[in-house]
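The following note sets out several points for discussion, in numbered paragraphs. Please read them alongside the structure shown here.

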Amino acid sequence: MVEYTEERIELRPGDPEAEARMRALSSPLRLRVLRLCAFEARTNKELAELLGVNPGTMLHHVRTLVQTGYLASDPERTGAQGAREVPYRATGLSWRTSMPGGSTVLVETFLQQIEGLTDEELDTTWMGLKLDAAHKAELEQRLYDLVQEFKQRGPDADGDTYSLFIALHPDRNPPAPR
């Protein structure tokens with residue numbers, strides 16, 4: 001099992017390693033690869049099939065994620081036809097990496113992830129809130145703490161996989177005239 005630390009990694013422009021990591025996380029396809037490899041190791045071929053892309057294209061994305069530390073290879077194994085296969089597993093680095101300007105990519109990735117789901121498969125909540133700065137900070141902290149609590153428990157061996165997407169943003173609806 002991969003060990004995760006709570007130290008946040010801030011990506012700052014101008015640092016070549018940070019810029020490579022920012023580029024790696026700027027692709028919805030690569031973010032989807034990280035999700036698929038979060039709880040079980042998968043080969044390049046398996047990832048290509050699951051995401052409906054060419055294996056050569058997938059290899060480029062997998063290599064990018066390996067080079068930037070977001071994926072790591074598990075021991076080689078022999079495939080069904082006797083070919084050498086390398087499974088990859090997410091390292092958890094993306095869970096603690098802060099990426100400037102990454103919200104748009106996350107929304108695009110989320111939309112790709114839910115494409116084709118039925119109403120019964122997707123449980124959504126959307127509400128408007130009116131909060132002062134202290135209550136907004138409290139809400140953000142409580143949501144973060146709750147998500148961290150479940151992440152720290154680790155995956156349930158017999159559990160099903162789910163994806164959680166939370167977005168808190170200013171409401172751009174104009175106020176009613178007084």
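**Note on the structure**

1. Helix 3 and strand 5 (84-85) each contribute at least two residues to the lining of the second largest pocket. Helix 3 provides the largest share of that lining, with four residues. The reader should bear in mind that this is a predicted model.

2. The second largest pocket holds about 300 Å³ of space. Its lining consists of 13 residues, of which T43, K45, A83, R84 and E85 are the closest to the centre. Which classes of residue make up this lining? Five of the lining residues are charged, four are polar and four are nonpolar.

3. The largest nonpolar core comprises 20 residues. Within this core, V33, L34, M58, L65, Y70 and L71 touch the most other members. At least two core residues come from each of helix 2 (28-36), helix 3 (44-51), helix 4 (55-67) and strand 6 (87-90). The element that gives the most to the core is helix 2, with four residues. Helix 3 thus appears twice in this note: it supplies at least two residues of this core, and it also supplies four residues of the lining of the second largest pocket.

4. Helix 1 (residues 16-24) has buried residues at A18, R21, M22 and A24. Why do these residues belong to the same side of helix 1? They do so because they cover an arc of only 160 degrees around the axis. The exposed residues P16 and R23 are carried on the face of helix 1 that is turned away from the buried side. The two arginines of this helix named here may be set side by side: R21 is buried, whereas R23 is exposed.

5. How many aromatic pairs does a search of the whole structure find? The search finds one. This pair is formed by F110 and F165, which are stacked, with 4.4 Å from centre to centre and 15 degrees between the planes. The two residues lie 55 residues apart and link distant parts of the chain: F110 belongs to helix 5 (residues 103-114), and F165 to the segment after helix 6 (133-153).

6. Are the two rings' residues buried or exposed, or partly exposed? F110 has a relative accessibility of 23% and therefore counts as partly exposed. F165, at 32% relative accessibility, likewise counts as partly exposed. The cut-off that matters here is that buried means under 20% relative accessible area.

Definitions and conventions:
Residues numbered from 1 in each chain as written. Predicted model: local features only at pLDDT ≥ 70, side-chain atom pairs only at ≥ 80, totals over all residues. Heavy atoms only, no water. Buried < 20%, exposed > 50% of the residue type's maximum accessible area, 1.4 Å probe, protein only. Arc of directions from axis to C-beta. Core = buried A, V, L, I, M, F, W, Y, C linked by side-chain atoms within 4.5 Å. 1 Å grid on protein atoms, 1.4 Å probe; cavity = no way out; pocket = protein on both sides within 12 Å on 5 of 7 lines; lining within 4 Å. Points joined across faces, edges and corners; volume = space filled by probe spheres on them. Nonpolar A, V, L, I, M, F, W, Y, C, P; charged D, E, K, R; others polar. Phe/Tyr/Trp six-rings, centres within 6.5 Å; stacked < 30°, edge-to-face > 60°.
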